[in-house]
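The exercises below are meant to be worked through with the sequence and the structure side by side. Try each task before reading its solution.

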Amino acid sequence: LSVACWEPFTLNNAKELESGLRTIALSATCLCPLAFLTSMAAIEILSKSLAVAALGLICLEYRNVLKKFSIGLWWFLGLPLLAYVLITISEAFVLIEDPDSRWEVVKDQHWVLIFFAYAYILNKYFTYKWESYLTAYICLIVSLTLFVTGQFFLGWTLPRVDPAIFPLGNYFRATGLFNNPLSFANGMGMSSLFLAGVALAYFSNLEEKHKRWRYFLALGSFAGFLGMFLTFSRGAWVAYILSLIFGALFTKRAWILNLCLPLIILVAVAMTGNHNLSQRITSGFAGTDISVQDRWSIWEANVKMIKENPLFGVGSMQNKTLLPFYLKEDTRDSSLTTHAHNNYIQIWAGQGLFVLLFYLWFSIYFLYASIQLACGVSRINFYRGIGLGSCLAQLYFHMLGLTDSNFFDKESSSILIFLWSLTLVSSRQVSP
């Protein structure tokens, strides 16, 4: 009798638990893209909540989890992701003596758990009907662009103890709600290009019922572009144009190249309209800017580390600690203590050649998956838009990674990890 009474009680509890976990996971998944553009604290809270909720759901249906992903996919994608993390952690215990630094390296690898949590939840619940969620995302981007326009002209900032202000003559570089222009440029640039990809997928299908939606997507894309432009991050501008040029290979070239025109026009206006703005632009490309000179010094020091430790590096993020010693050897400014300002050099110098190869492996895989999705035969515009938008956003991230270590910036890499999981799940739904 006790067993008979216990079974329905346990079953009801399991259903209630699953319902609660599902609510937490879906709420976190939907709110994370908004947090990517607004708050690092919100990103941390939501991503960890998602990971815990996803783990709980996996425990409740552990028998069916592996069946939902093919064995080939686990080997082809799971292998490089897990190898990247495991080798990095192993090197930390061998190469890093400071326990606190070692623990920081271990904690930083939780991004792979967040990726699998996104992939699990999206694979379970995502459908093309989630397209309507883009309305809230576009409204946020437009609101942020209005805010940073005031920030650029008037120096608006959040009420912080130590507000981050980046003067540019009579103007101010846009930082949004973050404290770094590059973090904001990364998020707005990726968002702009993703929405551009979705918009182009709808412009390729000129049905009258999609007319307003196409132009609303285009508005969101332009607002994101303008927010990125006002950061006056030259590397972001170059990455944006190069991404569009590469994207021209996968859709109508005239449409993509026309997207470059607003950036070219705004740069021309800035160069002719204000001395400080034009100096900011020209000094970067002429090599006279101090930040550009510092980057060359940092790259040369990290290349020297690579030559001395090519296979396993000096330990994740330890090239930042060792940088002053290498700069001092070359009689350069040894006060610099920063990352390599290049994802590929950063990984090779810090984590070694094997980890770099695994990083390239899964990065190229996700680019290939997005291109396949964009060029696929799906009748659903949203899926093709996800493919093209993800491709453009990933290209932008990797191009920007040539002048900044954005994969190691949590505000920047969080949106990339979400796009990876969205691309993976969408491609599986189109071609299971």
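## Exercise 1: A nonpolar patch on the surface

Phe 93, Val 94, Leu 95, Leu 311, Phe 312, Phe 354, Leu 357, Leu 360 and Ile 364 together make up a nonpolar patch on the surface, with about 850 Å² of accessible area between them. The model in which this patch is found is a predicted one.

Task: Work out which helices each supply at least two residues of the nonpolar patch, and then place Leu 311 in the chain.

Solution. Begin with the helices: helix H4 (71-95) and helix H16 (353-374) each contribute at least two residues to the patch, and the largest share, 4 residues, comes from H16. Turn next to Leu 311, which belongs to the loop between helix H13 (290-308) and helix H14 (318-329). Leu 311 counts as partly exposed because its relative accessibility is 38%, a value that lies between the limits of 20% and 50%.

## Exercise 2: The largest cavity

Task: Find how many cavities of 30 Å³ or more the structure holds, and describe the lining of the largest cavity by its helices and by its residue classes.

Solution. The first step is the count, which gives 4 cavities of 30 Å³ or more. The second step is the volume of the largest cavity, which is about 250 Å³. This cavity is lined by 19 residues, and those closest to its centre are Pro 33, Leu 134, Phe 194, Phe 418 and Leu 422.

The third step is to ask where the lining comes from: H1, helix H7 (134-154), helix H8 (181-203), helix H17 (381-400) and helix H18 (410-430) each supply at least two of its residues, while the largest share, 4 residues, is that of H18. Sorted by class, the lining of the largest cavity consists of 17 nonpolar and 2 polar residues, with no charged residues.

## Exercise 3: Salt bridges around Glu 44

Task: Starting from Glu 44, trace its salt bridges to Lys 48 and to Lys 410, and say which residues are linked in the network.

Solution. Side chains of opposite charge can pair when their charged atoms come close. In this structure the count comes to 4 salt bridges.

Take the pair with Lys 48 first: its side chain meets that of Glu 44 in a salt bridge with an N to O distance of 3.5 Å, and both residues lie in helix H2, 4 residues apart, which is about one turn of the helix. Lys 48 is partly exposed because its relative accessibility is 47%, whereas Glu 44, at 19%, counts as buried, since the limit for that class is under 20%.

Then take the pair with Lys 410, in which the side chains of Glu 44 and Lys 410 meet in a salt bridge at 3.7 Å, N to O. This pair links distant parts of the chain, with Glu 44 in helix H2 and Lys 410 in helix H18, 366 residues apart. Lys 410 counts as partly exposed, with a relative accessibility of 33%. Finally, the network of salt bridges links Glu 44, Lys 48, Asp 108 and Lys 410.

## Exercise 4: A salt bridge within helix H5

Task: Determine how far apart Lys 107 and Glu 104 are along helix H5 (residues 99-108), and decide whether each is buried, partly exposed or exposed.

Solution. The side chains of Lys 107 and Glu 104 meet in a salt bridge at 3.2 Å, N to O. The two residues are separated by about one helical turn because they are 3 residues apart in helix H5. Lys 107 is partly exposed at 36% relative accessibility, and Glu 104 is partly exposed as well, with a relative accessible area of 40%.

## Exercise 5: Positive phi in two loops

Task: Locate Phe 232 and Met 317, and compare their backbone and accessibility values.

Solution. Most residues other than glycine have a negative phi, and most peptide bonds are trans. Phe 232, although not a glycine, has a positive phi of about 50°, and Met 317, also not a glycine, has a positive phi of about 65°.

Phe 232 is in the loop between helix H9 (211-229) and helix H10 (234-247), where it is buried, with a relative accessible area of 1%. Met 317 is in the loop between H13 and H14, and with 22% relative accessibility it counts as partly exposed.

Methods. Residues are numbered from 1 along each chain as its sequence is written. This is a predicted model: local features need pLDDT of at least 70, side-chain atom pairs count only at pLDDT 80 or more; totals for chains, interfaces and linings use all residues. Side-chain values use heavy atoms; hydrogens and water are left out. Patches are made of residues with over 30% relative accessible area and no salt bridge: like charges are joined within 9 Å, nonpolar side chains (Val, Leu, Ile, Met, Phe, Trp, Tyr) within 5 Å. Accessible areas come from the Shrake-Rupley method with a 1.4 Å probe; for residues, only the protein chains shown count as cover. Buried means under 20% relative accessible area, exposed over 50%, partly exposed in between (1.4 Å probe, protein chains only). On a 1 Å grid over the protein atoms alone, a cavity is a set of points where a 1.4 Å probe fits but cannot get out, and a pocket is an open set with protein on both sides within 12 Å along at least five of seven lines; lining residues have an atom within 4 Å of a point. Grid points are joined across faces, edges and corners, and a volume is the space filled by probe spheres set on the points. Ala, Val, Leu, Ile, Met, Phe, Trp, Tyr, Cys and Pro count as nonpolar, Asp, Glu, Lys and Arg as charged, and the others, Gly among them, as polar.
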